[in-house]
Amino acid sequence: MIDMESANAFLQKNKNPLLLILGLFLLVAFFSFNDVDSNHDFDLGQKSQIGSFKLIKPNQKWGFAIDTFEVKKSTIQNNEFFGEVLQKNNVAYPVIEGIISNTKEFFDVNHWRVGKNYWFLKKPSSKTSDYLVYEPSVYKYYLFDLKNGTGTVNERPIKKELKTASGVISSSLWKTMTDAGLSFDVAGKMENALQWSIDFHHAQKGDQFKLYYEEESINGQVVGVGDLHAASYKTGENEFQTVYYDDEEHPGYYDLEGRPMNKGFLKSPVKYSRISSRFNRRRFHPVLKRVRPHLGTDYAAPRGTPIYAVGDGVVLEARRRGGNGNYVKIRHNETYQTQYLHMQKFAKGISSGVHVKQGQVIGYVGSTGLATGPHVCFRFWKNGKQVNHLRLEFPPPKPLPAAEMADFNVVRDKFVAKLNEVDYPELIEGSTEAQDEIKNVEATDNEAVMANP
Ligand SMILES: [Zn+2]
């Protein structure tokens, strides 16, 4: 028989954590995108005035005065091949063959992709279509001449504009980002830049961030995100800042002192300690008096010695349980977690969900749980399995050479100044709905860079 009362009690007890977890996965930001528009049609006609005469320029698209054509738009279906589509539209076989051989240098018929759009263009006076346009992306289109059996590839000039964005995590970042069309890309770049410092799967409500990045547009329409130049992320007491520095030899994200964001891990969680017991799958346990694998490394140190987080990450657990005593478990990224056992006590502010920095004190050496004397049993998890961290090879963090620092500082100061032009938005309690909307903030920079001029 099911005990309804305890089932209810269980639900009650677990309702809040459940909501909390849900909440953590649903982040919100408001972003400062300008002119984010879902309409990705380009080269539309523009009206301009000269004196009192209205001059109407024809609608230009794909290099044509498009209004002089009959235009038929289609989307590539499954198992619909290039040649077939042409055949169905009454293009003679020799012409199809001509197109394929004349364009093979830049057009591979296998890159005719399901879901992409194509257009047949026909002059009213023509019996069959005159042109086929294929647009695999907003960045380029192919134009095939169906009368002459030729074709061209046309790259659209991308305008890159530097923008700043700021946000606060409130309830549903992902939704907001997807709605904004672009912001999801920005989020991905932010995650990439800060992944060694911030665990974005455990982002906290109220976390704030600022970004300085390139926005890509084509003929005034935002189409994508270019490089993320700088980012800062504030969570709890900690602020993480990074700038991208590229001198060709040392490209990457660095902190403001020129240290790589990918810091690897500290060699040990306590200073001035000695290893009192190594990782050993067949160790005789001194307290239990039997063979029991020791899946950690013990560092003996005086009671009260500070224990450091070996890497940036988020605290998964800070609790007391059984033989582990007081312990802290930290998730560093998708791959690595670390755990620190037998603590005398936790450092101030260390609790589940808190972000910690590499080298931050998380607790103090003790002998709580199954321990013969004061030590920290350090456990290292790789892909969910406990491993001997002393045997792991990590890519050594390469600091910028001293000779680079002057150049780095110039770049850093410029980027940080840009970030400082915007403030972190404040989380307004109880009004998450309002913050789900995209907030337009003025662009802070107009150093437009033209790519593919
Ligand atoms: Zn141990």
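**A zinc site, two cores and two helices in a predicted model**

In the sequence of this chain, the residues that donate to the zinc ion follow the spacing H-x3-D-x78-C. The pair formed by His 294 and Cys 377 links distant parts of the chain, 83 residues apart, with His 294 placed in the loop between strand 15 (274-277) and strand 16 (297-300) and Cys 377 in strand 23 (residues 375-382). In the predicted model, coordination of the zinc ion is through NE2 of His 294, OD of Asp 298 and SG of Cys 377, at 1.9 to 2.2 Å. His 294 and Cys 377 are both buried.

Asp 298 is also among the contacts of Ser 276, which, when neighbours within four places in sequence are left aside, touches Asp 298, Tyr 299 and Ala 300. Ser 276 belongs to strand 15 and is partly exposed, its relative accessible area being 37%. Between Ser 276 and His 375 there are 8.2 Å in space, C-alpha to C-alpha, although the two residues stand 99 residues apart in sequence.

The chain as a whole has 453 residues, of which 45% count as buried, and its secondary structure consists of seven helices and 25 strands. Among contacts with a separation of 6 or more, 66% join residues that are 24 or more positions apart.

The largest nonpolar core contains 24 residues, and the members that touch the most others are Ile 307, Val 328, Ile 330, Tyr 340 and Ile 362. Two or more residues of this core are contributed by each of strand 19 (325-331), strand 20 (336-346), strand 22 (361-365) and strand 23. For Ile 362, again leaving aside neighbours within four places in sequence, the contacts include Ile 307, Val 328, Ile 330 and Tyr 340, together with Met 343, Phe 346 and Val 356. Another core, of 18 residues, lies apart from the largest one and has Val 186, Leu 194, Phe 209 and Val 225 among its members.

Two helices show a division between buried and exposed residues. Helix 6 (residues 405-420) has 16 residues and spans 21 Å from its first C-alpha to its last, close to the 22 Å expected at 1.5 Å a residue. Its buried residues are Phe 408, Arg 412, Phe 415, Val 416, Lys 418 and Leu 419; they lie on the same side of helix 6 because they cover an arc of only 150° around the axis. Ala 406 and Val 410, on the other side of helix 6, are exposed. The buried residues of helix 6 pack against several strands, including strand 10 (158-168), strand 11 (208-218) and strand 12 (221-235).

In helix 3 (residues 93-102), the buried residues are Val 95, Ile 96, Gly 98 and Ile 99. Viewed down the axis of helix 3, these buried residues fall within an arc of 160°, so they line one face of the helix. Tyr 93 and Pro 94, by contrast, are exposed on the other side of helix 3. The cover over the buried residues of helix 3 includes helix 2 (82-88), strand 8 (140-145) and strand 9 (150-155).

Confidence varies along the chain: the mean pLDDT is 79, and 77% of the residues reach 70 or more, whereas pLDDT stays under 50 over residues 1-54 and over residues 431-453. Beyond four places in sequence, the model has 105 contacts for residues 1-54 and 57 contacts for residues 431-453. Where pLDDT is low, the predicted coordinates should not be read in detail.

Conventions. Residues are numbered from 1 along each chain as its sequence is written. This is a predicted model: local features need pLDDT of at least 70, side-chain atom pairs count only at pLDDT 80 or more; totals for chains, interfaces and linings use all residues. Side-chain values use heavy atoms; hydrogens and water are left out. Helices (H or I, at least four residues) and strands (E, at least two) are DSSP runs, numbered from the N terminus. The expected span of a helix is 1.5 Å times one less than its number of residues. Buried means under 20% relative accessible area, exposed over 50%, partly exposed in between (1.4 Å probe, protein chains only). The arc is that of the directions from the helix axis to the C-beta atoms. Contact means heavy atoms within 4.5 Å. Donors are N, O and S atoms within 2.8 Å of the metal (3.2 Å for Na, K and Ca); water is not among the atoms, so sites may look incomplete. A nonpolar core is a set of buried Ala, Val, Leu, Ile, Met, Phe, Trp, Tyr and Cys residues joined through side-chain atoms within 4.5 Å. pLDDT is the predictor's confidence in each residue, from 0 to 100.
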